[in-house]
Every structure is written in structure tokens, then in C-alpha cells.
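Trainee: I should like to work through the fold and the packing of a protein chain with you. May we take the structure as our starting point?

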Amino acid sequence: MPLFARWRPLSSLPPRRGREAQPGVYELADAEKRTIYVGQSGRDVPNRIRQHLAAGGCVAEHTHYWRSTYSATPKADEADALATYAARHGGLPPCNRQTQVVRDGDRRLAERLRSEE
């Protein structure tokens, strides 16, 4: 599922919306408007993009544009968008290739115990 929205500069991220926030799927792009990340938010897309930018790393370093679309099922639509991208380009977008932290039950328990100390 490619997104059929226009690219917008990061400076156009809307302010926090509170109760009017909408879930959706989004793409982030570099200066040449090449997709570098596909993501989703079950609550509010602009706020999720702000979180990526604040965290640093690949997304914060390379993102110049964003676009999004409303989704009632953002996780499923994100998976579709990633599959479409992979079929067209032979792999995931560059910033989606970052290795994810595996979080099993034992690891979560250890993290909780450390944070309670």
C-alpha cells in the first residue's frame, strides 16, 4: 500500500492535537524525497514523528520530508506499506533496517527490576 499523500517539509508538522489526534501510517524521506522510513502510530502520527526526531539516529539525521494517511488498522497498513516497498526496492527502507531489540519476558522483568532500584 503506497501512500498517496504529498511530501511535506518537517517544518509543517502540525501542533499536538490532543483529543483530535488520528492514527495512521507515515513515510519519512531524505532531501531527495526518497523514502527512508515507514512507520505507524495508533494514536497520533505527528507526535510519533517528533519522538523519532528527538531520539536521534538514522531517522533524525536524514529526514527532511514526511507524509501520512489515516488508518483504522495502522499496524496492518504499515506491514502492507513495508511489503510494497520491499517488493519494489528489494529490501526495507534504510532506517527500517536498524536491528530491533528483542524483548522477551525475562529481559522485560530484568529491565523492570533495574528501573525500580
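The questions below concern the sheet, the helices, the core and the disulfide of this predicted model.

Trainee: In what order do the 4 strands lie in the open sheet?

Mentor: Strand β1 (residues 8–9) pairs with β4 (residues 65–70) in the antiparallel sense over 2 bridges. β2 and β4 also pair in the antiparallel sense, over 6 bridges. The edge strands, each pairing on one side only, are β1 and β3. The order is therefore β1-β4-β2-β3.

Trainee: Which residue of β4 is the bridge partner of Arg-8?

Mentor: The bridges between β1 and β4 number 2, and the two strands are antiparallel. On the pairing of β2 with β4, Tyr-26 stands opposite Ser-68, and Glu-27 stands opposite Arg-67. For Arg-8, the bridge partner in β4 is Trp-66.

Trainee: What angle does the direction of α1 make with that of β2?

Mentor: Helix α1 packs on the sheet and touches β2, β3 and β4. Another helix, α3, lies across β2 and β3 and runs at about 165 degrees to β3. For α1 and β2, the angle is about 40 degrees.

Trainee: How many residues make up the largest nonpolar core?

Mentor: Its members include Leu-13, Tyr-26, Ile-36, Val-45, Ile-49, Trp-66 and Cys-95. At least two residues of this core come from each of β2 (24–29), β3 (35–41) and α1 (45–55). A second, separate core of 5 residues includes Leu-3, Val-25, Val-38 and Ala-81. The largest core has 10 residues.

Trainee: Which residue of α1 does Trp-66 touch, leaving aside residues up to four places away in sequence?

Mentor: The contacts of Trp-66 include Arg-6, Trp-7, Arg-8, Pro-9 and Leu-10. Glu-27 and Leu-28 are also among them, and these two positions fall in β2 (24–29). Within α1 (45–55), the residue touched is Ile-49.

Trainee: Which residue is joined to Cys-58 by a disulfide?

Mentor: The count comes to 1 disulfide, with an S to S distance of 1.9 Å. Cys-58 lies in helix α2 (residues 57–62), and its partner, 37 residues apart, is in the loop between α3 (74–89) and α4 (105–116). The link is left-handed, with -70 degrees about the S-S bond. The partner is Cys-95.

Trainee: Why does Cys-95 count as buried?

Mentor: A residue is buried when its relative accessible area is under 20%. Cys-95 meets this cut-off, because its relative accessibility is 5%.

Methods
Residues numbered from 1 in each chain as written. Predicted model: local features only at pLDDT ≥ 70, side-chain atom pairs only at ≥ 80, totals over all residues. Heavy atoms only, no water. Core = buried A, V, L, I, M, F, W, Y, C linked by side-chain atoms within 4.5 Å. Buried < 20%, exposed > 50% of the residue type's maximum accessible area, 1.4 Å probe, protein only. Contact = heavy atoms within 4.5 Å. Disulfide = S-S within 2.5 Å. Axes fitted to C-alpha atoms, helices over the stretch in contact; angles between N-to-C directions.
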